[in-house]
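Work through the exercises below with the model open. Each one sets a task and then solves it in steps.

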Number of protein chains: 2
Amino acid sequence: MSVGIRHDDLRRRNRAMVIAAVRRAGQPSRTEIAATTGLSHSTISAISSDLIGEGILTESKPSEVGSLKRGRPQVGLGLNPEAAAVMTVVLSLNFLSVAVIDYAGQVIAEEQRRLDTLTMSRDALVGECVAIVRRRLEDPDLDVRSVARIALAIQGITDTRARAMLWSPITPHTDIAFADILEDEFGIPATMENDCNMMAIALRWRDPDRYRDDFIAILLSHGIGMGLVLKGELFTGTHSSGGEFGHMIHRPHGALCRCGRRGCVEAYAGNYAIWRNARQMSEDAEPVADVSDADMRALATAARERDGPEREAYRKAGEALGYGLGSLFALIDPAPVAMVGVSAAAFDLIEPALREAIAQTAGGQHSQSISFDTEPNELPLIREGCATRALTFVDQEIFAPGTQARSGLGGKNVA
Amino acid sequence: MSVGIRHDDLRRRNRAMVIAAVRRAGQPSRTEIAATTGLSHSTISAISSDLIGEGILTESKPSEVGSLKRGRPQVGLGLNPEAAAVMTVVLSLNFLSVAVIDYAGQVIAEEQRRLDTLTMSRDALVGECVAIVRRRLEDPDLDVRSVARIALAIQGITDTRARAMLWSPITPHTDIAFADILEDEFGIPATMENDCNMMAIALRWRDPDRYRDDFIAILLSHGIGMGLVLKGELFTGTHSSGGEFGHMIHRPHGALCRCGRRGCVEAYAGNYAIWRNARQMSEDAEPVADVSDADMRALATAARERDGPEREAYRKAGEALGYGLGSLFALIDPAPVAMVGVSAAAFDLIEPALREAIAQTAGGQHSQSISFDTEPNELPLIREGCATRALTFVDQEIFAPGTQARSGLGGKNVA
DNA sequence: TCTATTTTTTCGAGCCTCGAAAAAATAGTG
DNA sequence: CACTATTTTTTCGAGGCTCGAAAAAATAGA
C-alpha cells in the first residue's frame, strides 16, 4: 500500500518547502522562511546555504529590503533567474503561442502564430508545435541546457497523467501524445495540460486570498470549460483531465451540442449556442465552427440595447450555467467562481438568469454568498498557469529530487 | 503555508504505517510489513517492538501461521483486541442502532431500537442517542476507559469537520451537533458522519480490489445518497459532507422533491418518487413520508410481471439516475458503482433505462465498461464503515500521536 | 547432529533537525 | 566615535531516526 517515509525524504521535502516559500514570498529572509515553514533557523540556514551553493537561490543585497529596523539587517533570498528556464506552449483555436520563462518567473522570449487548426492534418499540427519550440530553443540568447520543462496547454480533454491530448474541439484529430513527442524531440520533460486547469492555477497564483483552497474557474468561450480546485488540489478526473462542466446534462434530449450529444450545458452557453439562439435558429442546427470575439461583443451590445432574441439567448445561457453550477454545488458545495473568456465580458447579461437558476437548486440556499469574478482574457491566464506549473515541477522534481546525489559542494562551508 | 516536516513526525508516520499494515493484512510477519511499507527490517523491528511493549500489537503463536517452509518461522503480528474499543451509532429513519467493537474489529456488543424519528422532539432524539450510548458504556463487560472513539452516522448532510448534522430527512430538526454533545457527555472523542460516506468506506474495506481508488456508492432508498471515493480519498464538499447526488438537477422545473425543490434526481428515483409514479400521482404531489420495504418489493414484483405504471416508474428512476451519473461522469470520469439499499434489489428494472441514459451523456463512450454491483442491505455496511473509520482514527491519532511522549518503557529491551 | 534457510534483532554509521550559544551586522546613544 | 541594544544568521553538540550488515534465533531436511 502506501509507503513508509525514509530518512532522505525528509531533507528532500524540506528543501522543496524552502524553495516554495521563496517562490511565494518573493524575497523572504531566512527568518521569515523559518516562520512560514515552521522549521528551525538552523535548518533553514543549512538548507538555504546548500541551495545558494547550488546556484538555485541568490542573496539579494540588504539595501533592497531596506529595513529601518535596528539590528543585523535581513538578507533577502531570491530565485536565481539563471538556475533554469521553462517553456509554455498554448494551443488554442487557430492560434499557437510560446513563451520562455526564467526560473524567477520572468518572460524572456515569446512567439505567436496563427494557424488553421480545424483543417490542419495531424502531422502539420504536431509539426507546427515542434517547429515553434525548436525556433525558441535555437535562440542564441537562450542556454538550451537550462530549459528544464515544457508545459503545453490545450483546450479539450487530456489524460490524467498529463501526457496526451485525448480530444479537443480545435482539431478533428484525437489522441495526440504531445508530451511524449516533445520529449522525444528535444529531450526535455514535457506535460500536456488542460487549459482550464491552468487558468485555475494562475488564478490562485494571482490572488491566493480569493482563490485558495476551493474555487472554480469557468471558461466561457466557444466551448465551456472548467478548472476546479478542491481542498487546495487541482481536481482531475480518474482517467482524464475531467471537470467537463460544459458537458453535464442540462436538459435531457435538449439542444444539439458540439460534442454530438444533446442537452449539454455548452449547447446553451457556448458562444455557438448563444449565437444560434440569438439568430433564432433551431436547437438542432449544427453548431458553427467559430464565432469571432467581435461578433460576440456585437451580440452582447444588441442584447443590452433591446429585449430581443439576443437577450433571450444570454438568458438561456445563464439558466444553463446556473442549473449546471447548482448541480455542481450539490456535489462540492458552493465556492468562489471566476468567469473567464469573451462571454465573461457579457456576464451582466448572464448573471440574473444564472442566479435565478442557482436559487432553484441545492446550492440556492447560499445563493447570495456566491461571488463571481470576471476576466475576459483567457490566454494570459493559461500561459501564467503553465509557467507556474512548470516552475513548480522544476522546484520539486529537479531541485529537490527523490533520492539522488545533489550536485557539487556537499557542505556548509560555502559562505 | 504548508509546514515543514519535523524529525519527530517521521517516527509518528512510520508507526501509523505499521499499524495500518497490520490492520489490513491481518497477521503479517515483520518481514511482510517491511515489504509492504518499504521500510527496512531494522526499522520495522524497532517499531513493532515498541508497539508490542505498549500493548497495541500482540505476537501470535508461530503455529497459527503454520508455514511449512524451512528456516525460522514467521511470527505473526496482530492487533491486540484489548488495546481499545470503539462505538458505532447509526441513526436512520425510525431506527437507532449501536455497536461496540474491539480494537481488532470484532463486534462485542450491540443494541437496536425503533423510534419515531420524524415526530420526535429535538431533545428526545438527542436524548435517545445519549441514552443508548450510556447503556452500552455501563455494560459491566466493557472497560469504559478503553472506549476511544464514537462514530455516528446519519442519513443527511453533515459538516466537513464531521461534528454536526446539518440537515437530515429523518427529522425536521436541523443543526444538531451530535459529536459535541456526545463528547461533552462522555468525554470520548466523537464524529458525526454521513451514512453514504461510511458505506463507501465499508465497501473499500470489504473488497479493496474492486473498490480501491475511485468508486461510487449510491444509496437507493427513500432518498438518494452518494458516497464517493476519488484518488483513494473520501470525497467531501467544501463545507458539508457534499456529494448530494440525489439533488443534482435532472429536469429543471421538474418533479417535486422531498427537499422542496424541483427536478432533483431523487424526485424521480427515491422510493417515494417511484411510489408516486407507480401510483400515477402528479409529479407535484407531496412526497409521502415513508414507503415500507415490503411495499417497494411489491412494486418491483408488479413491475416485473407486467408492463404498467410500475415498470414505467422504475424506468423513470433509471433515466434520472442515468443522466445524473452521466453528468457526474463528465466531472470525474466513469468509475465502478455500487448500488445499495432496497431499490438495489430492483436494479434489474432500473438498469436498462439507466444505461440508455448514460449512453446519451459524456460518460456514454465508456458505457459498456461501467459495472454495477448491488447490495440491498445498507445498515450493516454503514456500521462497518463507522467501525473502520473509528478504528483508523485510533490507529492514527491515539496510537501514533502528534508530538506526545509515548507511554512507558521507551526501549527495545522488552523481549 | 549438522547444515541450509529464513526471520528477527542488534549494532554502528550516517543524516537530519533542534536548541542554545556565538558571531555578524546594524541603529541608537551619550 | 566608542559602546550598547537589537536583530539576523551561523555554528556546534545533542538526540533521534533509518539503514545496511552482521549476528542471533529458530526451524526443516540430510
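Buried means under 20% relative accessible area, exposed means over 50%, and partly exposed lies in between (1.4 Å probe, protein chains only). This is a predicted model, in which local features need pLDDT of at least 70, side-chain atom pairs count only at pLDDT 80 or more, and totals for chains, interfaces and linings use all residues. Residues are numbered from 1 along each chain as its sequence is written, chains are lettered from A and ligands numbered from 1 in the order in which they are written, and side-chain values use heavy atoms, with hydrogens and water left out.

**Exercise 1. Salt bridges within chain B**

Task: Classify B:E312 and its partner B:R315 as buried, partly exposed or exposed, then do likewise for B:E310 and B:R306.

Solution.
Step 1. B:E312 has 32% relative accessibility, so B:E312 counts as partly exposed. B:R315, at 34%, is also partly exposed.
Step 2. The two residues form a salt bridge with the closest N and O atoms 3.1 Å apart; the term requires a side-chain nitrogen of Lys or Arg within 4 Å of a carboxyl oxygen of Asp or Glu.
Step 3. Both lie in helix 11 of chain B, 3 residues apart, which is about one turn of the helix. Helices (H or I, at least four residues) and strands (E, at least two) are DSSP runs, numbered from the N terminus.
Step 4. In the salt bridge of B:E310 with B:R306, the closest N and O atoms are 3.3 Å apart. B:E310 is buried because its relative accessibility is 12%, whereas B:R306 is partly exposed at 42%.

**Exercise 2. A salt bridge between distant parts of chain A**

Task: Which elements does the salt bridge between A:R383 and A:E110 link?

Solution.
Step 1. The side chains of A:R383 and A:E110 meet with an N to O distance of 2.7 Å.
Step 2. A:R383 is in helix 13 (residues 378-398) of chain A and A:E110 is in strand 5 (residues 107-114) of chain A, so the pair, 273 residues apart, links distant parts of the chain.
Step 3. A:R383 is partly exposed at 22% relative accessibility, and A:E110 is partly exposed at 43%.
Step 4. Over all chains, the structure holds 54 salt bridges.

**Exercise 3. The interface of chains A and B**

Task: Describe the interface between chain B and chain A by contacts, area and polar pairs.

Solution.
Step 1. Counting contact as heavy atoms within 4.5 Å, 52 residues of chain B touch 52 residues of chain A.
Step 2. The size of an interface is often given as the accessible area lost when the parts come together. Here the buried area (accessible area, 1.4 Å probe, that two parts lose on being put together, summed over both) is about 4,600 Å², with 56% of it on carbon and sulfur atoms.
Step 3. There are 0 salt bridges between chain B and chain A, but 19 residue pairs are in polar contact, both at pLDDT 80 or more. A polar contact is a pair of N or O atoms within 3.5 Å; within protein, one must be able to donate a hydrogen and the other to accept it, and residues adjacent in sequence count only if both atoms are side-chain atoms.
Step 4. On the side of chain B that touches chain A, helix 1, helix 2 (30-37), strand 11 (224-230) and helix 11 (309-332) of chain B each supply at least two residues. Helix 11 of chain B gives the most, with 7 residues.

**Exercise 4. The surface around DNA strand D**

Task: How many residues surround DNA strand D, and which are the closest?

Solution.
Step 1. A residue is near a strand if one of its heavy atoms lies within 4 Å of it. DNA strand D is surrounded by 27 residues, the closest being A:R6, A:S45, A:G71, A:V75 and B:T43.
Step 2. Of the atoms of DNA strand D that come within 4 Å of the protein, sugar and phosphate account for 67%.
Step 3. One phosphate contact involves a polar backbone atom of A:V75, 2.7 Å from a phosphate oxygen of the strand. For A:Q74, an N or O atom in the side chain is 2.9 Å from a phosphate oxygen.
Step 4. A base oxygen of DNA strand D is 3.3 Å from a polar backbone atom of B:G71.

**Exercise 5. The surface around DNA strand C**

Task: Which residues come nearest to DNA strand C?

Solution.
Step 1. Of the 27 residues around DNA strand C, the nearest are A:N14, A:T43, B:R6, B:T31 and B:V75.
Step 2. A phosphate oxygen of the strand is 2.7 Å from an N or O atom in the side chain of B:T31, and a polar side-chain atom of B:Q74 lies 2.9 Å from a phosphate oxygen.
Step 3. A base nitrogen of DNA strand C has a polar side-chain atom of B:R70 at 3.4 Å.
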